[in-house]
Amino acid sequence: MALLQAQTRRHFLRSLGGGLGTLFVGTSVAKYAGAANGTGRSEVSTLDFTRDASSPLAALPPQFAAKVRRVIYLHMAGAPSQLELFEHKPDLKRLDGQDCPASFLAGKRFAFISGVPKLLGSQYPFHQVGQSGQWISDRLPHLERHVDDLCFIKSMRTEQFNHAPAQLLVHTGNARLGYASLGSWVLYGLGTENQNLPGFIVLLSGGKSPDGGKQLWSSGFLPSVYQGVQCRSHGEPVLYLDNPAGVSRPLRRRMLDAIDQINQQTYAAFGNPETVTRIAQYEMAFRMQMDATDAMDIRNEPESVRAMYGSKPGESSFANNCLVARRLAERGVRFIQLYHWGWDSHGADAKEALNLGFTDRCREVDQPTSALLADLKQRGLLEDTLLVWGGEFGRTPMRENRNGQEMKYVGRDHNPGAFTIWMAGGGVKPGMTHGQTDEMGYEIVKDPVEIRDLHATMLYLLGFDHHKLNYSFEGLEQKLTSVKPARVVAEVLA
Amino acid sequence: MTLWGYRVSRQLRSSIIVLAPILIVLVLLVFFPPDGNERSKGAQFIGRFHPLVVHFPIALFLLVPVLELAGLDSRLSHLRLSAGFVLGLATVGAIVAAILGWCLARSGGYSGPILTQHMWGGISLTAVCWLCWMLRGSADQPGGRLLYATALATGVVLVGWTGYRGGQLSEGEDHLTEYMPVGLRHSLGLSDAGPAIASSGANTFYGARVEPIFATRCFTCHGPHRHKANLRLDSYSSLMRGGKRGLVVRAGNAQGSELFRRITLPPDHDDFMPKAGRRPLSAGQVKLIELWIASGASGTLPTDAIKEATAGLTSPTLASEVTFEEIDAAAVIRRQAQIAPELARLQKRFPNILEYESRSSADLHLNASILGSKFGDSDLAALSSLAEHITVADFSRTTITDRSVTAIAAMKRLRVLRLMHTGIPTPPWKGYAFWINSSR
């Protein structure tokens, strides 16, 4: 009778659902088991990433001795023009203003270019810098001093020519929704050293959020405890992290203990790993109350360091985020993802123009990025940190002519066929350039690097064979590099 | 019972019947030897049972001396009664194994000295098995016991030798010595170096640039020990001689060379090499081979004779394919087991910052830097029990002082040490610089 009384309508309905679910699982598991036998993939040995349920972020050793322990990924959302920054193409400059040859347009699909556009030479002068003799434009006066620490890949290629899917591809290895991001994979594979901070932190720089949205740091099919935690640049790093007025830390502790008990009961009843995730998140938030606020507070930095980055406490800026990134790296955060925005230089308005807004974007990232490099280096962190800078695709050597007409401002359209990124840090060959594009900077002529190759290379530096970092989902051993063959770009390895 | 008018024992008669298939195998081996050509898949399928089946006669044969010796004790004398039966079974098993072995070798494209030795070892063993069986029947005649014992002993030695050669065929030539402890290797007079790679000399283009590609990518099947398709790539002369379908390299004509055609096909093509899902040759390797064939496929061309090969395709690019070694999980666990309990204890005190350097290593990685001011000299001292296993240590921004210098010096295998922004100023380290350098 007591049992009947405890059995509410909701419990009854829930158990019905559970029954159906069990039926479904029963059939689908049998199906997957059959599929697995049929494909004969049983020889694929998988690494064990299971952890104690109470500490899903516990550190695990890499598969092989790793070159780097953590990653700082600087994503320039909107796709910065390589032709105004790193790709010196004198022939393009010479042909500036001439009609684009038909061979450039045949079979191509553009976001906005229509008819016959004009070729567009670089808007800024280039010069050679450093021991490596790298060509660089005059828009990055700070970064050019560090050019011998950078490893450029000028032959990056993508399959997507619109921002959101291209950003998804860069971040998750797949242009569709629902896949796990790079940071989530790394956190899943390696855990994190500092349990008082999230292991995968995302910082936006004000302005516009990336078109790909929160999916870019989603854990996809991985347990959600591995998703990126988006932190704010000022105030509480995470909203409502601090205790509200009248709630003391011991009271908060007692509250969490009670919630924890209830969650444990739910977990015992249903065994859903997401319940464990929730318990772990509450506990982490409690620990974060002490450490996160301190880690994110750049007012604790000396004035000289803040000046080096050009950061001003209280702003949402890329400069502040670079400084925070160094503080997080120091504290053992595994994957730090920074976004800058506004690089989509179509020339549709002044903000998006290569001759106007682009210069502001360069100024916003130049000094902080250089300061981050120098600061990591002086603290010995660059040796085991991987720094990656890049957008989601490149830009055309043709001037954009929206609706077939010359536009008021100068801009370029999307070019998925070639773009430039750079890496720096442990395990990467400094002061080198890998890959090459044609004289117009339009197509790759040497050593193309796919997004999945970049991912395989990053995982290699972190100590993984990209085939072996996988997670069983929907009958497939899912992996970041997906199903097409990916290659570790061995040429850039130190 | 009589045979050709003579009275023979029943055992002798069955022995003679068994001799027939042994002679048939012998004829097969002599007139249809394994020659490195691949043949029928059906025969290969049957042949693949050779490693499985071969263990039965081995076990049965080795059981015979055990039974005979144990039977010398009067309390166990009944054991000797079954020795003849076991020997008979072993002989039949050996014949079956020999036939299967011939199927595998003849149709699976095996050849080479190790195979030949294994093959003759196997057939000799079968014959010795049969001989033992014969001799056992007449062991009551004068000298019969001694003959029988000698034959048994010969058989036991042959089992060991043939088994070792078989192991070399399936597990690699150095399968017994590969993971041998260093001390034992030295006492046996073996070097530490890996398997030697055949080389035609580093001062020719072929020897310095082309053959190393074959050595790393092709020798497994077309090398000293296996000659699939009757093709060997381990010397210039054998390469130019070609395989069962004729020449594989046509000097000056890369596109018309079978070898070049096969390495440039789409990887899922049936004729593609390297076969069976192995990693294709890198673009640089393919280019080098193409340049070499186009230039006349000479064996004496100097190393730097082909200009394009030295400009674009530098050697580091060639060596730059990344390979992932397989982790031998059992071996790693064995090595880690020695320190696992102590590590578990210390990991409780320093969670998430003290870990194995990788899943394939028993070396430790310590990152104390994230504890910052919470990590001091006393904490470092607590790590002393595992000091020798720590190879990477980061103490940056901790509060350790020069009191910890000896504790760090105890980390004898340290490769990487970071001491930025600690209480250890640079000058006192001068005295210790020698071991930091020497351990790097």
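Me: Axes are lines fitted to C-alpha atoms, and angles run from 0 to 180 degrees between N-to-C directions. With that in mind, what makes helices α4(B) and α5(B) roughly antiparallel?

Reply: A word first: this is a predicted model. In it, α4(B) (residues 55-71) and α5(B) (residues 79-107) pack at an angle of about 160 degrees, with axes 8 Å apart. Angles over 145 degrees count as roughly antiparallel, so the two helices earn that description. Their crossing is left-handed.

Me: Which residues make that contact?

Reply: From α4(B), they include B:F56, B:L60, B:V64 and B:L67. From α5(B), they include B:L79, B:V86, B:A90 and B:A97. By class, the contact of α4(B) with α5(B) has 16 nonpolar, 3 polar and 2 charged residues.

Me: How do α4(B) and α7(B) cross, left-handed or right-handed?

Reply: That crossing is left-handed. The axes of α4(B) and α7(B) (residues 144-171) come within 10 Å and cross at roughly 145 degrees. On the α4(B) side are B:I58, B:F61, B:L62, B:V64 and B:P65, which meet B:L152, B:G155, B:V156, B:V159 and B:G163 of α7(B). This contact divides into 8 nonpolar, 2 polar and no charged residues. The 2 polar ones are easy to place, because Gly counts as polar: B:G155 and B:G163 are in the contact.

Me: Turning to chain A, why is strand β4(A) described as largely enclosed?

Reply: A residue is called buried if 20 or more other C-beta atoms lie within 10 Å of its own. In β4(A) (residues 151-157), 7 of the 7 residues are buried, so the rest of the structure largely encloses the strand.

Me: How do you know that β4(A) pairs with β11(A), β12(A) and β15(A)?

Reply: Strands pair if there are at least two bridges between them. Strand β11(A) (residues 419-425) is joined to β4(A) by 4 bridges, and the two run antiparallel. Strand β12(A) (residues 432-434) has 3 bridges to β4(A), running parallel. Strand β15(A) (residues 449-450) has 2 bridges to β4(A), also parallel. Each count meets the cut-off, so each of these strands pairs with β4(A).

Me: Which residues stand opposite A:M156?

Reply: A:M156 faces A:F419 in β11(A) and A:V449 in β15(A). Elsewhere along β4(A), A:F152 stands opposite A:T433 in β12(A).

Me: Finally, how many residues does each chain bring to the contact between A and B?

Reply: Chain A brings 22 residues and chain B brings 19 residues. On the chain B side, 6 are nonpolar, 8 polar and 5 charged.

Conventions
Residues numbered from 1 in each chain as written. Chains lettered and ligands numbered in written order. Predicted model: local features only at pLDDT ≥ 70, side-chain atom pairs only at ≥ 80, totals over all residues. Contact = placed C-beta atoms within 7 Å. Parallel < 35°, antiparallel > 145°, perpendicular 65-115°, else oblique. Left-handed = near helix turned anticlockwise from the far one by under 90°. Buried ≥ 20, exposed ≤ 12 C-beta atoms within 10 Å, placed from the backbone.
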